[in-house]
Amino acid sequence: MTNNFQEIVTFIWDLADLLRGPYKRNEYQKVILPFTVLKRFDSVLEHSKRDVLEAYNKYKDTIENLDPILRGVAKDKDGNELGFYNYSKYDFKSLIQDPEHIEENRIHYLDSFSPNVRDIFDNFHIKDHITRLSKANLLFLLVKKFSESKVDLHPDNVSNHEMGTIFEELIRRFSEQSNEEAGEHFTPRDVVKLMTRLLFIENGVHLKEEGLIKKIYDPACGTGGMLTSCKNFINEINDSVDVVLYGQEINEEIYAICKADMLIKGENAENIKGPSSTLSDDQLPDEHFDFMISNPPYGRKWEQDKEAVTKEAERGFEGRFGAGLPSIKDGQLLFLQHMLSKMKTDERSRIAVITNGSPLFSGDAGSGESNIRRWIIENDYLEAIIGLPDQLFYNTGIKTYIWVLTNEKPPERVGKIQLVDATSKYVKMRKSLGNKRHKIRDQDIEEILDLYCKFEENELSKVLDNEDFGYTKVTVERPLQVNLEVTEKRLENLYTVTSFKNLAKSKSKDLEVKLQEEEEGRKKQQEIIEALRTIEGHYKNWDNFEARVKKALRRFKLSSALIKNIIPALSEHDETADYVTDSKGNLKPDPRLRDTENVPLKEDIDEYFQWEVLTYYSDAWMDRKKDKIGYEINFTKYFYKYEPPRPLEEIEKDIKKTTAEILELIKEDLDEI
């Protein structure tokens, strides 16, 4: 019979009920997913099963390496080599005919797969689960359910594209049930479609030649949906293009599903690397790509990758992270740098990557995040950013952004960055899927692409110069003016002074000595405080007060550094006090009044300082030695629309109405009592 998507998903999902008891809910997918993959392989190999078995029996005693022979025999119904095989006499149907030996027969069946398939099931750890299922008397029942069901996973009934969608839906459901991050493994199809179209925004003008080879890469490939989408798009334009897919995935089970899916589709599954972290273990170090597309994890710490990433960053631009390192809390900008390092040096490369808002603006000037943005923008890699609606993803409702980057912009885009506000381009779903309540329709995609291609200024599209996103962070100093006095409240401030606190600390490892030294230190602190209490009067001149402090503390033989740290603790800002100067007569800055100004790169710093600072503080000055260049992409600022507050009369009317309703409800409750 002809299967439909929902029927298959429901059937497989319901199989999880068999596992209740021996398995916890968060473990169901560890069994159901590999068995689904196994059933798919079994269905795909059905056509040439007999031929492979005959070839195996014919040559097993005379030829040591049967792999090339059996690969050549295993074919689909159209005569195409599958690239994998199984030489066991068993399949799902025959396995249930011998229930007494189903565990050992199932293991033999697994061991009879070609090495590339065995690697897939090793990452599922399926043999451990076969043993566990057998002990729980569930193995036979599970295989029987798969074998006798009317739901058929044969390629004649379920296309490779449909099978990929089934895998993704199952992962989403299992992850949601166990509170895992489903969005880490795949991206909703509507978002993938938009990203794919943006990646190939030139509408195929560079893809229509004969004999082309195009390499596509996803460094966090999940189940491979983005890679497949790109290949399908290219082949719809020109089916003669040889599209080669590459990816890397960290999660064992998801890596196994992706590799299985690629293998069944006839792709070179050896190009799917893992399971390991792309950031610390790039398994494609010498490869560069024409197109890259990815949805790296949001806000995930890269602490486990820190040692390897830091070591590579020390290599500068000879490595992948020469522009800088972001906060340990979020590795999205590391993925961006990694992808940019994979661009071809002598050919055009394009990237579409999705992030949350953090990589756009987090980090001050001089921080790793800002330096990475600076490197991207000053090298003119960033072509556009598209702001998407919220509630598009299964595991989060936050707003996300698609970055489009390239090493070869069209002439009209050189030195420019386009921002597209697509936050309103969606339709509400009738039924939500996890946190996904909004969907981008084909109509919305076309409207977004139209905004992008027209490259014009309007309500939903802004075209800005690269420099518009940069600024100079200037340090503004104001002179030190303080009154100085010894009061009990100010004496308490001494315990916040590090050098004063250290008087009561000991570095000795001997406990007895340590306690004695600390006690002596506390006594000295108290003696210093008593000496300071002898200073009377209210001072507005630093030098006069400093002289009194030195005199009072002379007998302690304290370092000049400690004394200089004590005095600020006894001071308060006072604009009527004398200016404090250094030995050369220069004004000393007050650290407590120190401030910074972010001056846009396009503005003259001196003019900005004149109007924005000196107008209010005539004695301020800039310390230009501390200048830092920063970049941020404040997306919301460019599309902000002022909405005036509601009239007070209207608000007051609503308050009176609500108050009356509350009083009426209270009255009804009292009447009932």
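The paragraphs below lead through a predicted model, going from its strands to its backbone details and then to its charged side chains.

A good place to begin is strand β7, which spans residues 401–406. Of the 6 residues in this strand, 6 are buried, and β7 is therefore largely enclosed by the rest of the structure. The cover extends to both faces of the strand, with Tyr401, Trp403 and Leu405 buried on one side and Ile402, Val404 and Thr406 buried on the other. Part of the setting of β7 can be read from its strand partners. Strand β5, made of residues 350–355, pairs with β7 in the antiparallel sense through 6 bridges, and within this pairing Val353 stands opposite Trp403. Strand β6 also runs antiparallel to β7, the two being joined by 5 bridges, and here Ile386 has Ile402 as its bridge partner in β7. Trp403, which stands opposite Val353, and Ile402, which is the bridge partner of Ile386, thus belong to opposite faces of β7, and both of these residues are buried.

A further antiparallel pairing is found between β9 and strand β10, the latter covering residues 436–439, and this pairing comprises 3 bridges. One of the bridge partnerships sets Leu433 against Lys436 of β10. The two strands form a hairpin with 2 residues between them, and Gly434, which sits in the turn, has a positive phi of about 65°.

Positive phi values also occur in residues other than glycine, and two such cases can be set side by side. Asn137 has a phi near 60° and is placed in the loop between α8 (126–135) and α9 (139–148). Asp380, which is likewise not a glycine, has a positive phi of about 60° and is located in the loop between α17 (368–378) and β6 (382–387). The surroundings of the two residues can be contrasted through their accessibility: Asn137 has a relative accessibility of 67% and so counts as exposed, whereas Asp380, with a relative accessible area of 18%, is buried. Another backbone detail concerns a peptide bond, since the one leading from Gly274 to Pro275 is cis, with omega near -10°. Pro275 itself belongs to the loop between β3 (272–273) and β4 (291–294).

The charged side chains give another view of the model. Side chains of opposite charge can pair when their charged atoms come close. With a nitrogen-to-oxygen limit of 4 Å, the count of salt bridges comes to 44.

One of these salt bridges joins Lys259 to Asp119, whose closest N and O atoms are 2.7 Å apart. The pair links distant parts of the chain, as Lys259 belongs to helix α13 (residues 252–264) and Asp119 to helix α7 (residues 115–124), with 140 residues separating them. The two ends of this bridge fall into separate accessibility classes: Lys259 has a relative accessibility of 4% and so counts as buried, while Asp119, at 25%, is partly exposed.

A second salt bridge is formed by the side chains of Lys425 and Glu447, with an N to O distance of 2.9 Å. Because Lys425 lies in the loop between β8 (416–421) and β9 (427–433), and Glu447 in helix α18 (residues 442–454), the pair ties together parts that are 22 residues apart in sequence. Lys425 is buried, with a relative accessible area of 15%, whereas Glu447, at 31% relative accessibility, counts as partly exposed.

A third example is the salt bridge between Glu530 and Arg533, in which the closest N and O atoms are 2.4 Å apart. Here Glu530 is partly exposed, with a relative accessible area of 41%, and Arg533 is partly exposed as well, at 34%. Beyond individual pairs, Lys214, Asp290, Lys344 and Glu347 are joined into one network by salt bridges that share partners.

Charge also gathers at the surface, where Glu603, Asp604, Asp606, Glu607 and Glu612 form a negative patch. Among these residues, Glu603 is located in the loop between β15 (595–600) and α24 (605–614). With a relative accessible area of 40%, Glu603 is partly exposed, and its value is therefore over the 30% that membership of a patch requires.

Definitions and conventions. Residues numbered from 1 in each chain as written. Predicted model: local features only at pLDDT ≥ 70, side-chain atom pairs only at ≥ 80, totals over all residues. Heavy atoms only, no water. Patch = residues over 30% accessible without salt bridge, like charges linked within 9 Å, V, L, I, M, F, W, Y side chains within 5 Å. Areas by Shrake-Rupley, 256 points an atom, 1.4 Å probe, with all protein chains shown as cover. Lys, Arg positive; Asp, Glu negative; His and termini not counted. Charge placed at Lys NZ, Arg CZ, Asp CG, Glu CD. Helix = DSSP H or I, 4+ residues; strand = E, 2+ residues; numbered from the N terminus. Buried < 20%, exposed > 50% of the residue type's maximum accessible area, 1.4 Å probe, protein only. Pairing = 2+ DSSP bridges.
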